[in-house]
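Colleague: I am new to reading protein models, and I would like some help with this one. Could you take my questions in turn?

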Amino acid sequence: MSTTFYLKPKIYMNKSGLDEILPGVKRAMIVTDRFMCESKTVEYLTIPFEHRNIEYTIFDGVTPDPDLSTVAKVVDLYVNYKPDALFALGGGSPIDAAKSAVFVAKSLGYADRCPFITIPTTSGTGSEVSMFAVITDVEKEAKYPISDNDMLPDAAILDSCLTRTVPAKVTADTGIDVFTHAVESFVSTAANDFTDACAEKAIKLVRSNLLRCYKDPNDMEARQAMHHASCLAGIAFNNSGLGLNHGMAHTLGAHFHIAHGRANGLFLPYVISYNAGCRSSLTDAAKKYARIARLLNIDGSTFRQSTFSVVRSTKAFLKKLDMPDSIREAGVEKEAFLSQLDEMVEDALKDTTTRTNPIIPTREGVRDLFLRAYDGRL
Ligand SMILES: NC(=O)c1ccc[n+]([C@@H]2O[C@H](COP(=O)([O-])OP(=O)(O)OC[C@H]3O[C@@H](n4cnc5c(N)ncnc54)[C@H](O)[C@@H]3O)[C@@H](O)[C@H]2O)c1
Ligand SMILES: [Zn+2]
């Protein structure tokens with residue numbers, strides 16, 4: 001259990017946050033992706049900037065799963081333009097690219113840190129409130145989570161009107177990322193009452209709202225609830241860390257280019273079952289999974305039954321979201337998968353997110369989990 005709880009970004013739940021943030025800003029920089037510019041979503045910031053005569057520059061070259069070269073380009077513009085406020089607008093990828101640039105520029109002494117504001121357009125990563133960023137090394141086919149206090153944003157704006165255009169598939173993927181953050185935080189070795197409170201609320205919000213957004217992209221009440229769930233889960237895992245599920249998802253995503261949330265969903269039922277000791281003797285984590293079962297009103301009369309219930313209902317939930325049932329169904333060829341399995345097992349064990357998993361995973365255990373998830377064999 002961790003005996004600290006860090007709370008930093010001021011969270012605004014609609015656009016009015018800009019009225020508080022913008023006075024005093026003279027020179028802003030926006031980090032985003034091409035879709036945000038082509039769809040004119042970026043006007044969410046540029047119109048108020050123009051009304052207030054704020055000079056600005058836009059970096060719109062972030063691609064999903066930002067790599068080192070993208071971060072270098074953001075650092076270059078950030079250091080040369082010298083903004084007095086930095087805005088990251090987009091999904092986890094633009095937010096992580098901006099965070100990494102803040103970190104690199106500060107650590108190398110290139111630039112002082114200026115106020116940093118995040119505006120998520122997906123409800124998924126919780127990156128708007130975390131001190132983590134995930135950067136891809138394309139050559140090594142690896143994803144590296146980095147963390148530093150300086151990367152923690154100063155303010156986050158949660159406005160679901162920005163998520164209305166998220167395609168159903170991305171809504172499902174990112175929503176499962178939120179669910180995985182909340183579940184992994186809840187059973188983490190560093191969880192405490194504060195992280196549990198955020199994780200519990202996030203779990204409940206996801207289970208009552210994700211399917212609604214998936215089926216009806218214009219259900220703005222459900223969209224806003226998912227935005228809150230994502231942020232709450234982000235606050236939770238920013239303090240408690242994550243677990244083996246993310247360690248495995250990072251390496252699978254880096255090797256086979258599977259969207260982050262989708263990769264998490266491919267492992268979740270298996271990792272819950274493994275952590276709880278469903279196939280051997282129950283671990284302490286089973287008690288926490290049983291608490292999740294109670295939260296969702298699916299608990300049984302024993303810890304084992306309740307944990308099975310969480311595993312089964314997670315699998316059913318993924319099916320309702322049309323997520324692939326196995327790594328094979330996600331389009332990964334068996335030969336390629338097997339040839340990279342040993343490396344993925346090692347990477348998952350080494351991934352920093354695995355450190356707070358409720359049980360210490362074994363090499364054989366992780367290998368078995370990869371193989372089960374490949375075949376969809378629970
Ligand atoms: N920093 C953290 O704590 C943390 C946590 C989890 C994941 N991550 C990282 O975040 C990245 C994933 O972020 P993500 O899942 O938010 O996706 P993303 O930012 O990679 O975006 C995925 C796609 O959705 C599009 N998109 C985004 N918002 C949209 C909108 N409103 N309407 C239409 N399309 C939209 C993007 O243009 C992109 O094509 C990965 O690199 C992952 O490793 C970071
Ligand atoms: Zn995640």
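What follows is a short conversation about this model.

Modeller: Happy to help! This is a predicted model, in which local features need pLDDT of at least 70 and side-chain atom pairs count only at pLDDT 80 or more, while totals for chains, interfaces and linings use all residues. Residues are numbered from 1 along each chain as its sequence is written, and chains are lettered from A and ligands numbered from 1 in the order in which they are written.

Colleague: Which domains does the domain assignment give, and how far apart are the C-alpha centres of domain 1 and domain 2?

Modeller: The bounds come from an automatic or database domain assignment. That assignment gives domain 1 (10-163) and domain 2 (168-375). Their C-alpha centres are separated by 27 Å.

Colleague: Which element gives the most to the side of domain 1 that touches domain 2?

Modeller: Two residues are in contact if their C-beta atoms, placed from the backbone, lie within 7 Å. The contact takes 22 residues from domain 1 and 28 residues from domain 2. On the domain 1 side, E6 and strand E7 (142-147) are the elements that give two or more residues; helices (H or I, at least four residues) and strands (E, at least two) are DSSP runs, numbered from the N terminus. The one that gives the most, with three residues, is E7.

Colleague: Where does the largest nonpolar core lie, and why?

Modeller: A nonpolar core is a set of buried Ala, Val, Leu, Ile, Met, Phe, Trp, Tyr and Cys residues joined through C-beta atoms within 7 Å; a residue is buried if 20 or more other C-beta atoms lie within 10 Å of its own, exposed if 12 or fewer, and partly exposed in between, with C-beta atoms placed from the backbone. The largest one here has 115 residues, and Phe87 and Tyr289 are among those with the most contacts inside it. Helix H8 (residues 220-240) supplies its largest share, ten residues. Both domains give residues to this core, so it lies between domain 1 (10-163) and domain 2 (168-375).

Colleague: Which residues come nearest to ligand 1?

Modeller: A residue is near a molecule if its C-beta atom, placed from the backbone, lies within 6 Å of it. By class, the shell around ligand 1 has eight nonpolar, 16 polar and five charged residues, where Ala, Val, Leu, Ile, Met, Phe, Trp, Tyr, Cys and Pro count as nonpolar, Asp, Glu, Lys and Arg as charged, and the others, Gly among them, as polar. Domain 1 and domain 2 both give residues to this shell, so ligand 1 lies between them. Of the 29 residues around ligand 1, those that come nearest are Gly91, Gly92, Ser93, Ser127 and Val134.

Colleague: Which residue in E5 stands opposite glycine 90?

Modeller: All five residues of strand E5 (residues 116-120) are buried, so this strand is largely enclosed by the rest of the structure. Strand E4 (residues 85-90) and E5 pair in the parallel sense over five bridges; two strands pair if DSSP finds at least two bridges between them. Opposite glycine 90 stands proline 120.

Colleague: Which residue in E3 stands opposite alanine 28?

Modeller: Alanine 28 belongs with strand E2 (residues 27-31), where four of the five residues are buried. E2 and strand E3 (residues 55-59) run parallel and pair over five bridges. In E3, the residue opposite alanine 28 is tyrosine 56.

Colleague: Is cysteine 114 buried, exposed or partly exposed?

Modeller: Cysteine 114 sits in the loop between H5 and E5. Its contacts, leaving aside neighbours within four places in sequence, are Pro83, Asp84, Ala85 and Leu86. Because 18 other C-beta atoms lie within 10 Å of it, cysteine 114 is partly exposed.

Colleague: Is aspartate 322 buried or exposed?

Modeller: Aspartate 322 lies in the loop between H12 and helix H13 (334-350). Most residues other than glycine have a negative phi. Phi of aspartate 322, though, is positive, near 60°. With 11 C-beta neighbours inside 10 Å, aspartate 322 counts as exposed.

Colleague: And aspartate 65, is that residue buried or exposed?

Modeller: Aspartate 65 also has a positive phi, about 55°, although it is not a glycine. Its place is the loop between E3 and helix H4 (68-81). Because aspartate 65 has 21 C-beta neighbours inside 10 Å, it counts as buried.
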